[in-house]
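The following explanation leads through a predicted model. Please keep the sequence and the structure in view while reading.

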Amino acid sequence: MKQPIRVLHVLGGLSLGGAESRIMDLYRCMNRDEIQFDFLVHADDVDVRNPEFYDEEIKGLGGRIFILPKFKVYNIIAYRRAVKEFFKENHEFAVVQGHMTSTASIYLPVAKKSGIATVAAHARSAGVDKGLKGFITRLLRRPLLHQADYCFACSREAGLSVFGKGWEKSGKAFVLPNAILSEKYRFDERKREEIRRQLGVEACYVLGHVGRFHYAKNHEFLLRVFSEVHAQMRKSGKRVVLMLLGDGGGMDRAREQAAELGLNSDILFMGNQGDVEHYYQGMDYFVFPSRFEGLPGTVVEAQAAGLRCIISDRITQEVGFSELVHYESIDRSVKLWSEYILSHAEYERVDMHRMVKEAGFDVREQAVAMTCFYQTGNM
């Protein structure tokens with residue numbers, strides 16, 4: 001029996017993050033008799049790594065999970081040695097696709113030297129952390145354009161940010177938008193009533209956000225916008241709640257801020273939820289004031305669910321493919337954000353999943369294109 005082509009995806013981990021979710025959407029749509037995905041992830045201790053959200057599903061689909069120690073700058077020699085040892089023993093992949101671009105300049109050249117025919121870097125963010133960590137990330141990414149055979153990006157902004165000004169004319173540049181299974185998110189009144197009943201918010205107006213608690217997502221601004229909307233709606237006797245899905249190191253600070261604003265009882269910290277599509281149904285307005293993004297799949301999902309969205313103007317215009325999206329500057333006041341939400345709060349939810357497909361965000365179509373790439377090594 002002919003064995004499938006194996007493709008190795010390099011990631012930080014396998015939690016319920018944006019990049020991980022988009023790769024899993026693609027994985028589910030692949031003909032796995034032809035193409036199989038494997039995953040190389042990172043852990044503090046490779047011997048005691050705890051299983052993450054997608055581990056079980058990957059194994060069920062026939063994928064393998066390999067583990068490397070985390071890169072911590074000071075361990076660069078040990079990290080490079082671990083990468084070399086890995087590819088010395090594992091070089092059966094047709095393609096290595098590196099989504100962790102901060103260290104791709106280390107592992108992709110090693111993979112290529114070990115005999116991997118095609119190595120690709122995949123940019124999924126248009127910014128870096130503040131301070132020294134961000135400076136080092138930019139420094140490490142600098143040679144990538146010359147090291148990778150292909151330089152994919154989820155948006156033009158992400159490509160230019162990660163690969164530099166020469167990216168577009170390099171002959172290696174390809175934009176692969178963060179595509180989704182659009183029908184999974186289509187508006188469903190029955191599901192909306194069900195999830196709102198489960199959460200006890202049947203009579204409330206619900207603002208929503210999906211994303212990890214991280215500097216890029218700007219939760220502190222989001223909570224201040226919510227505070228303003230909350231105050232205004234309360235005057236008219238309407239209760240409003242904020243539904244936050246996601247996890248991350250910044251959650252404790254967000255909880256503290258919620259307490260300082262006196263809003264603890266009206267903010268739902270939901271954590272990571274595997275069935276996130278149901279929660280979009282329960283929302284009334286999607287608020288997304290990020291400092292930077294590659295191309296947020298969550299905004300695509302929100303539009304697929306027929307939700308009006310107000311998002312930061314630092315996010316690529318490529319994601320706002322429908323009239324549901326309004327861009328606003330995060331340098332402007334939270335009062336202005338709240339006034340816009342309040343003046344556009346009432347609208348009719350409609351089925352948007354066909355428009356999502358027409359805008360090029362359908363993962364099944366992307367799976368066809370990527371199958372060809374994985375089989376031939378050519379875009």
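Ala 121 has Cys 151, a residue of β6, as its bridge partner. A second such pairing places Ala 123 opposite Ala 153, again in β6. The strands concerned are β5, covering residues 118-123, and β6, covering residues 150-153, and they pair in the parallel sense over 4 bridges. Strand β6 is also joined to β7, with 3 bridges between these parallel strands. Here Phe 152 of β6 faces a partner in β7, for Phe 174 stands opposite.

The side chains of β6 point to two sides. Tyr 150 and Phe 152 point one way, Cys 151 and Ala 153 point the other way, and all of them are buried.

These pairings belong to a wider arrangement. In what order do the strands of the open sheet stand? The sheet has 7 strands in the order β3-β2-β1-β4-β5-β6-β7, and the pairing is parallel. Because β3 (65-69) and β7 (173-175) each have a single partner strand, they stand at the edges, and one side of each is left without a neighbour in the sheet. From one strand to the next, the twist averages 25°.

Helix α3, formed by residues 76-89, packs on this sheet. The helix touches β1 (5-10), β2 (35-43), β3 and β4 (95-98). Relative to the direction of β3, that of α3 makes an angle of about 155°.

Attention now turns to the surface. Leu 132, Phe 135 and Leu 139 make a nonpolar surface patch of about 330 Å². Leu 132 lies in helix α5, which comprises residues 132-141. Is Leu 132 buried or exposed? Its relative accessibility is 61%, so Leu 132 counts as exposed; the cut-off for that class is over 50%.

Thr 298 provides a contrasting case. This residue is located in helix α12, which spans residues 297-304. Thr 298 has a relative accessible area of 15% and is therefore buried, given that the class requires a value under 20%. Which residues is Thr 298 in contact with, leaving aside its neighbours within four places in sequence? They are Val 210, Tyr 280, Phe 286 and Phe 288.

In summary, the path has led from the parallel pairing of β5 and β6 to the open sheet of 7 strands and to helix α3, which packs on the sheet. It then passed to exposed Leu 132 and ended at buried Thr 298.

Definitions and conventions. Residues numbered from 1 in each chain as written. Predicted model: local features only at pLDDT ≥ 70, side-chain atom pairs only at ≥ 80, totals over all residues. Heavy atoms only, no water. Pairing = 2+ DSSP bridges. Axes fitted to C-alpha atoms, helices over the stretch in contact; angles between N-to-C directions. Contact = heavy atoms within 4.5 Å. Patch = residues over 30% accessible without salt bridge, like charges linked within 9 Å, V, L, I, M, F, W, Y side chains within 5 Å. Areas by Shrake-Rupley, 256 points an atom, 1.4 Å probe, with all protein chains shown as cover. Salt bridge = Lys/Arg side-chain N within 4 Å of Asp/Glu carboxyl O. Buried < 20%, exposed > 50% of the residue type's maximum accessible area, 1.4 Å probe, protein only.
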